[in-house]
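Trainee: I'd like to go through this one with you and check the labels. Can we take them one at a time?

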Amino acid sequence: MKVYVNDESINLADASNITQLLKQLETAPKGLAVAVGPNIVPSSLWDEYKLKEDDQVLLIRATQGG
Amino acid sequence: MDIKKLSDSELERYHRQIILPDFGEAAQLKLKQARVLIIGAGGLASPILKYLCSTGIGCIGLMDGDRVEESNLQRQIMYDQSDKGKFKVEVSAQKLKEQNPNIKVDQFNFRLTGENAQELFQEYDLIIDACDNFETRYIICKAAQKANKPWVYASVFEYGGQVSVFNYKSQTQYSDLYPEAPEQIPLSDGKTIGVLPPVPGLIGMLQATEAIKIITGIGKILDGELLLYKALDLSSRKFKLKGEKG
């Protein structure tokens, strides 16, 4: 299936969860928030949250500047 | 100074906000009686301080152990060339007293630690995070929960920023958003973080606005939500973020 990650199209195995997506993208999970559509999915749910075709995923990095 | 009512000069000074719908003298009095603690006195804090001071927050606590450096001056608009080498907290306190003699500034010329946070937070109604590091943010997160105080979070990086209000009605926490700091801190040139000067200015003003809304009880607070701002395409988006109890 196809999902969008930060506006880029990505091919992903059907019914993949967020943990699997991050693994495929080789993205470090620490300091990362993941939004699907308008909702941020807490990291405690990344294993069980199944992505769907055409989901809009946004990877949000923790930043520290002030 | 009588903290239970507004003086004639205060009524005149704050007239343009007192006449706002739903504001009135009652909201102004809440601001006068409010005690706000700002952690960090840099790029975010510069506009926060100026606006909270001009708006008439009764007491501003300011905490930062740093002195003004040349490289601060492109974005930390509280400071001028002649302030180099001086403690930020001292310079800020002096300038704020000049800007508005009605307000009180508490100076904390040192860093926030797990040890000093708890007692200090008890003394204030609201905490504003204007710091520049993850360690301090996790200290704020923990101490705010223990002291039962809401806090207005923001951070900036390069051309963007993020804002939220934590430990407020929904009980959403910074640690719900980011349970752990990143292992590799994002840097722009391998050494430090690049930032476009107006970005912390704008984000700091959003923090000041949320602080005023929380104190006065006006409007809808950025509680249980994260706002992302990107300067390069002038976009902002809000995301829902549920706390453990949400």
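Mentor: Sure. Keep in mind that this is a predicted model. Start here: what makes the meeting of the side chains of Lys213(B) and Glu210(B) a salt bridge?

Trainee: Their N and O come to 2.7 Å. The cut-off is within 4 Å, so the pair counts as a salt bridge.

Mentor: Good. Why are Lys213(B) and Glu210(B) said to be separated by about one helical turn?

Trainee: Because they sit three residues apart in helix H9 of chain B.

Mentor: And how do you know whether Lys213(B) is buried or exposed?

Trainee: Its relative accessible area is 19%. Buried means under 20%, so Lys213(B) is buried. Glu210(B), at 9%, is buried by the cut-off too.

Mentor: Now chain A. How do you know that Asp55(A) and Lys52(A) meet in a salt bridge?

Trainee: The N to O distance is 3.9 Å, and the limit is within 4 Å, so the pair qualifies.

Mentor: Which label does each partner get, buried or exposed?

Trainee: Asp55(A) has 10% relative accessible area, under the 20% cut-off, so it is buried. Lys52(A) is at 52%, and exposed means over 50%, so Lys52(A) is exposed.

Mentor: Try Lys2(A) and Asp54(A). What makes that pair a salt bridge?

Trainee: Their closest N and O atoms are 3.7 Å apart. Again the limit is within 4 Å, so the label holds.

Mentor: Why is the pair said to link distant parts of the chain?

Trainee: Lys2(A) is in strand S1 (residues 2–5) of chain A, while Asp54(A) is in the loop between strand S4 (39–41) and strand S5 (56–61). They are 52 residues apart.

Mentor: Why is each one called partly exposed?

Trainee: Lys2(A) has a relative accessible area of 30% and Asp54(A) has 40%. Buried is under 20% and exposed is over 50%, so both values fall in between.

Mentor: For the wider picture, how many salt bridges does a search of the whole structure find?

Trainee: It finds 17 over all chains. There's also a network of salt bridges that links Asp80(B), Asp83(B), Lys86(B) and Lys95(B).

Mentor: On to helix packing. How do helix H4 (residues 45–55) and helix H9 (residues 198–216) of chain B pack?

Trainee: The angle is about 35°, and their axes are 8 Å apart. The crossing is right-handed. Among the residues making the contact are Ile48(B), Tyr51(B) and Leu52(B) of H4(B), with Gly204(B), Ala208(B) and Ile212(B) of H9(B).

Mentor: What kinds of residue make up the contact of H4(B) with H9(B)?

Trainee: Nine nonpolar, four polar and no charged.

Mentor: Which residues have the most contacts inside the largest nonpolar core?

Trainee: That core has 47 residues, and Leu49(B), Leu52(B) and Ile203(B) are among those with the most contacts. H9(B) supplies its largest share, seven residues. Leu49(B) touches, among others, Ile38(B), Ile60(B) and Met78(B).

Mentor: Last one: why is Gln94(B) called exposed?

Trainee: It has 57% relative accessibility, and the cut-off is over 50%, so Gln94(B) is exposed. Gln94(B) lies in helix H5 (residues 88–99) of chain B. Its C-alpha atom is separated by 16 Å from that of Ile48(B), 46 residues away along the chain.

Note on methods: Residues are numbered from 1 along each chain as its sequence is written. Chains are lettered from A and ligands numbered from 1 in the order in which they are written. This is a predicted model: local features need pLDDT of at least 70, side-chain atom pairs count only at pLDDT 80 or more; totals for chains, interfaces and linings use all residues. Side-chain values use heavy atoms; hydrogens and water are left out. Axes are lines fitted to C-alpha atoms, for helices over the stretch in contact, and angles run from 0 to 180 degrees between N-to-C directions. Helices (H or I, at least four residues) and strands (E, at least two) are DSSP runs, numbered from the N terminus. A crossing is left-handed if the near helix is turned anticlockwise from the far one by less than a right angle, and right-handed if clockwise. Contact means heavy atoms within 4.5 Å. Ala, Val, Leu, Ile, Met, Phe, Trp, Tyr, Cys and Pro count as nonpolar, Asp, Glu, Lys and Arg as charged, and the others, Gly among them, as polar. A nonpolar core is a set of buried Ala, Val, Leu, Ile, Met, Phe, Trp, Tyr and Cys residues joined through side-chain atoms within 4.5 Å. Buried means under 20% relative accessible area, exposed over 50%, partly exposed in between (1.4 Å probe, protein chains only). Lists of a residue's contacts leave out its neighbours within four places in sequence.
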